[in-house]
Amino acid sequence: MRFSGWRVLREGLTGNKGWAPHWRDAEPKAEYDAIIIGGGGHGLSTAYYLAKEHGLTNIAVLEKGYLGGGNVGRNTTIVRANYFLQGNSEFYSHSLKLWEGLEEDLNYNVMHSQRGLINLFHSDGQRDAFARRGNSMINQGDDAVLLDREGVRKYLPYLDFDNVRFPIYGGLLHPRGGTARHDAVAWGYARGASDRGVDLIQKCEVTGIDIENGQVRGVQTTRGAIRAKKVGIVVAGRSGQVAAMAGMRLPIESHILQAFVTEGLKPCIDHVVSFGMGHFYISQSDKGGLVFGGDLDFYASYASRGNLPMAEHVMEAGMTLMPMIGKAKVLRSWGGIMDMTPDGSPIIDKTDTKGLFIDCGWCYGGFKAVPGSGFSFAHLMATGNHHGPAAKFRLDRFRTGTGLMDEEGTGAQHNLH
Amino acid sequence: MRLDCPMCGSRDRREFYYQGDAVMLARPAVDAGEAAWDSYLHLRDNPAGQTRELWQHEAGCGAWLVVTRDTVTHAVSAVELASDVKRAMA
């Protein structure tokens, strides 16, 4: 079933009786060519690109809950390519290009809105750092514009420009940055994969990984054993538990990251804005809710909810930057489980077990990476070779110390990212 | 979340600095090799459930603590002085 204006018109005139489910709720078969563990954004996009780019259609995505029920359904929906270091830079650049063609590719409205992202700075030092970052983005072929104070005022007149501690000196505008409708991304990829023959199997929890003589043979699940010569682990915050089934310990600690959304308001914030005080960023959803968040709570957690100190800190930061939001009522807050690596950069790699691959460590930045991660992980699983833009996301970089990608420059240590 | 500091009593989470898994108490020998140091510095069990962690009472007495905590419920079941734990390990 293809979506089009004509189709919407026809369904509207005929009582909307022609719409069908977007994907098949498949039953597990005894064997597949490849299995993806995890039916989130990254897992679904991996399955989609395996089918589309590599013609592998006898594959299954195994999801313990429902499709898109994890971090892809609980994030702040920001899409950007403003990374600084080689390795990250080319990867996110590639991912943003995939985003820009995604709706046409999937025939699905993911509401990708390139409304521009503005990172504010508040000191000479921060200005220098952002100018350097902007140059690095331009060198990568992406876009960046250094705005002075009056330049920012033109876009964001509602900010408190004269805050005593954090006066606004300017901002780095990334015009191609923006947001997308997070759930639609998962649904669009699910539909695209399912249409190409991929089995999407929900409520199917993997309980073991079968390995013989160093080669993966399949998985044990709550719905029986499934054989496959290739298995990809794409389970974000749960990476530690699933990798343990294959006898692996990962350079990952799962942390809690909170986010918040207010009641729906009339359009007032037209961009994605981040405050250089620390961690505070905000955008307005198409429904009108202000969507904002801050930093990690900074302790290991699988609770999917955070504590009050960080909630309070985020509200304080918001009020400092844009006092106008003070009367908006917060409707919801939630926490996602972030798979944090020591250097804050992700992993897309083979493992020591033949046929077993892993895609993890997306920290608090996984949403914008959904297309690029799936594309590169599918390439690795299908061909056995690392895909160019993701070639530096190696699992062994911590052991060897070669190729660490620490964007924040704080050190490759677990509690620093 | 509150932690019971053995020196200061029950205090707000904001007074404490989180270091990470208490595996950091068992520092390998200098010549233990790449794998042992990788395990110490980077690799983690990352359990969903009971875990032992190093925290410091940064804005209090400054003591390093070993906190036994559930990562799913956030319930804290024990707080010990890291120096006591380290002595018991010797």
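Analyst: Helices are DSSP runs of H or I with at least four residues, strands are DSSP runs of E with at least two, and both are numbered from the N terminus. Residues are numbered from 1 along each chain as its sequence is written, while chains are lettered from A and ligands numbered from 1 in the order in which they are written. This is a predicted model, in which local features need pLDDT of at least 70, side-chain atom pairs count only at pLDDT 80 or more, and totals for chains, interfaces and linings use all residues; side-chain values use heavy atoms, with hydrogens and water left out.

User: Which residue forms a salt bridge with Glu150(A)?

Analyst: A salt bridge is a side-chain nitrogen of Lys or Arg within 4 Å of a carboxyl oxygen of Asp or Glu. Helix H6 (residues 149–155) of chain A holds Glu150(A) and its partner, three residues apart, about one turn of the helix. The closest N and O atoms of the pair are 3.2 Å apart, and the partner is Arg153(A).

User: Is Glu150(A) buried, partly exposed or exposed?

Analyst: Buried means under 20% relative accessible area, exposed over 50%, and partly exposed in between (1.4 Å probe, protein chains only). Arg153(A) has a relative accessible area of 33% and is partly exposed. Because the relative accessibility of Glu150(A) is 47%, this residue counts as partly exposed.

User: How many residues apart are Glu27(A) and Arg223(A)?

Analyst: The side chains of Glu27(A) and Arg223(A) form a salt bridge, 2.9 Å from N to O. Glu27(A) is in the loop between helix H1 (5–13) and strand S1 (34–37), and Arg223(A) in the loop between strand S10 (215–221) and strand S11 (224–227) of chain A. The pair links distant parts of the chain, and the separation is 196 residues.

User: Is Glu27(A) buried or exposed?

Analyst: Its salt-bridge partner, Arg223(A), is partly exposed at 32% relative accessibility. Glu27(A) has 56% relative accessibility, so it counts as exposed.

User: Which residue meets Arg181(A) in a salt bridge?

Analyst: Arg181(A) is partly exposed, with a relative accessible area of 30%. Its partner counts as buried, at 17% relative accessibility. The N to O distance is 2.9 Å, and the partner is Asp183(A).

User: How many salt bridges does the structure hold over all chains?

Analyst: Some salt bridges join into a network, such as the one that links Lys52(A), Glu53(A) and Asp105(A). Over all chains, the number of salt bridges is 24.

User: Which side chain of opposite charge is nearest to Glu253(A)?

Analyst: Lys and Arg count as positive and Asp and Glu as negative, while His and the chain ends are not counted. Glu253(A) lies in strand S13 (residues 253–264) of chain A. Glu253(A) is buried yet has no salt bridge. The nearest side chain of opposite charge is 4.2 Å away and belongs to Arg44(B).

User: Which side chain makes a polar contact with the side chain of Glu253(A)?

Analyst: A polar contact is a pair of N or O atoms within 3.5 Å; within protein, one must be able to donate a hydrogen and the other to accept it, and residues adjacent in sequence count only if both atoms are side-chain atoms. Contact in general means heavy atoms within 4.5 Å. Not counting residues up to four places away in sequence, Glu253(A) touches residues including Met338(A), Tyr18(B) and Asn46(B). The polar contact is 2.8 Å, and its partner is His255(A).

User: How many residues of H2(A) are buried?

Analyst: Helix H2 (residues 41–54) of chain A has 14 residues and reaches 19 Å from its first C-alpha to its last, close to the 20 Å expected at 1.5 Å a residue. The expected span is 1.5 Å times one less than the number of residues. Among the buried residues are Gly41(A), Leu44(A) and Tyr48(A). The helix is mostly covered, and of its 14 residues the number buried is 11.

User: What is the phi of Thr77(A)?

Analyst: Most residues other than glycine have a negative phi. Thr77(A) is in the loop between strand S2 (59–62) and strand S3 (78–79) of chain A, and at 12% relative accessibility Thr77(A) counts as buried. Thr77(A) is not a glycine but has a positive phi, near 65 degrees.

User: What is the phi of Asn16(A)?

Analyst: Asn16(A) is in the loop between H1 and S1 of chain A. Asn16(A) is partly exposed, with a relative accessible area of 44%. Although it is not a glycine, Asn16(A) has a positive phi of about 50 degrees.
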